[in-house]
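Q: Hi! Could you walk me through this structure?
A: Happy to, let's have a look together.

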Amino acid sequence: EADSGEDDCRFQPRSISESFLTVKGAALFLPRGNGSSTPRVNHRRNKHAGDLQQHLQAMFMLLRPEDYIRLAVRLESTYQNRTRYMVVVSTNGRQDTEESIVLGVDFSSNDSTVCTMGLVLPLWSDALIHLDGDGGFSVSTDNRIHIFKPVSVQAMWSALQSLHKACEVARIHNYYPGSLFLTWVSYYESHINSDQSSVNEWNAMQDVQSHRPDSPALFTDVPTERERTERLIKTKLREIMMQKDLENITSKEIRTELEMQMACNLREFKEFIDNEMIVILGQMDSPTQIFDHVFLGSEWNASNLEDLQTRGVRYILNVTREIDNFFPGVFEYHNIRVYDEEATDLLAYWNDTYKFISKAK
């Protein structure tokens with residue numbers, strides 16, 4: 001259960017007094033406006049506070065005076081020294097109803113007294129929350145999906161309760177994109193200032209970047225010997241074709257080189273190798289310049305750091321479900337996670353992609 005203590009915390013320079021309950025990795029703020037004074041509590045009783053109070057103080061510095069924190073939940077991070085929080089922020093909107101957004105807040109270290117913003121996610125009426133079966137949950141709204149993995153089960157429970165309440169209010173009052181609701185989100189969007197690797201971590205997708213290792217082989221489908229060989233062929237073939245002068249080498253010579261490196265006869269894989277060469281050749285083509293500021297390229301182009309930098313690329317729009325962002329600390333990425341098939345509705349993502357490309361221009 002949550003710690004029974006209430007902490008009287010006054011944050012400068014705004015002199016705000018807030019009451020909250022803590023669990024490991026989360027602070028749940030109590031409803032406002034009950035008219036009672038905030039009780040003082042012996043801090044030694046609050047075993048979960050730790051550096052949370054210091055972090056909360058820094059988070060309050062990010063807020064407008066009229067906004068307040070509903071919940072702050074500490075999340076897992078792929079970077080060992082980074083501390084991240086999902087923060088639910090609410091305000092009383094123009095229609096005198098509560099409106100809420102999710103902020104992603106980054107601390108460069110545990111003892112840091114300064115934080116930055118890496119994510120701003122308005123909670124519209126279409127917001128849906130799904131458990132991912134991997135220790136976290138996703139929030140999807142307005143064609144955006146973000147993954148959150150709290151540091152404890154109790155913290156996840158607190159996060160889900162707070163988010164479900166905020167989403168229910170959004171549904172009841174029909175907060176939809178483009179309406180007069182949640183207009184204040186633009187203030188926070190203009191204050192996103194985390195470094196690019198932090199921003200990319202907030203935008204990481206479960207099926208590509210946040211995917212954890214599979215269960216032991218005992219519980220999974222073990223690839224066949226042929227599948228393992230084909231995977232190795234693909235990797236080795238790409239390496240060889242990168243190193244060779246492809247205008248002065250034959251397919252047979254490439255296959256011979258491949259057999260030497262793999263120390264085995266690949267006669268039965270001849271057709272597979274030829275097909276894979278064609279795929280790799282297509283990927284190795286130079287990107288096509290669509291406009292002065294836009295290139296259309298392949299996975300190969302997106303993984304060629306030297307060529308990207310030579311062309312002056314700074315922004316990459318990744319419209320795939322299978323391909324990772326290769327250099328998240330170098331370029332600004334925007335991900336549209338869809339499959340390359342005829343039934344995919346790309347128009348649903350037009351506004352977001354247009355804004356991203358216009359920003360790059």
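Q: How many helices and strands does the protein chain have?
A: The protein chain has 10 helices and 15 strands. Helices (H or I, at least four residues) and strands (E, at least two) are DSSP runs, numbered from the N terminus.

Q: Anything I should know about the model itself?
A: The model is predicted: local features need pLDDT of at least 70, side-chain atom pairs count only at pLDDT 80 or more, and totals for chains, interfaces and linings use all residues. Residues are numbered from 1 along each chain as its sequence is written, and side-chain values use heavy atoms, leaving out hydrogens and water.

Q: Cool. In what order do the strands of the open sheet come?
A: The order is β9-β10-β11, with 3 strands and antiparallel pairing. Two strands pair if DSSP finds at least two bridges between them.

Q: And which are the edge strands?
A: Those are β9 (128–131) and β11 (144–148), each pairing on one side only.

Q: How many bridges join β9 to β10?
A: There are 4 bridges between β9 and β10 (residues 137–141). Among the partners, Leu131 is matched with Phe137 in β10.

Q: Which helix lies across β9 and β10?
A: Helix α2 (residues 153–172) does, running at about 155° to β9. Axes are lines fitted to C-alpha atoms, for helices over the stretch in contact (heavy atoms within 4.5 Å), and angles run from 0 to 180 degrees between N-to-C directions.

Q: New topic: what percentage of the residues is buried?
A: Buried residues make up 41% of the 361 in the protein chain, where buried means under 20% relative accessible area (1.4 Å probe, protein chains only).

Methods:
Buried means under 20% relative accessible area, exposed over 50%, partly exposed in between (1.4 Å probe, protein chains only).
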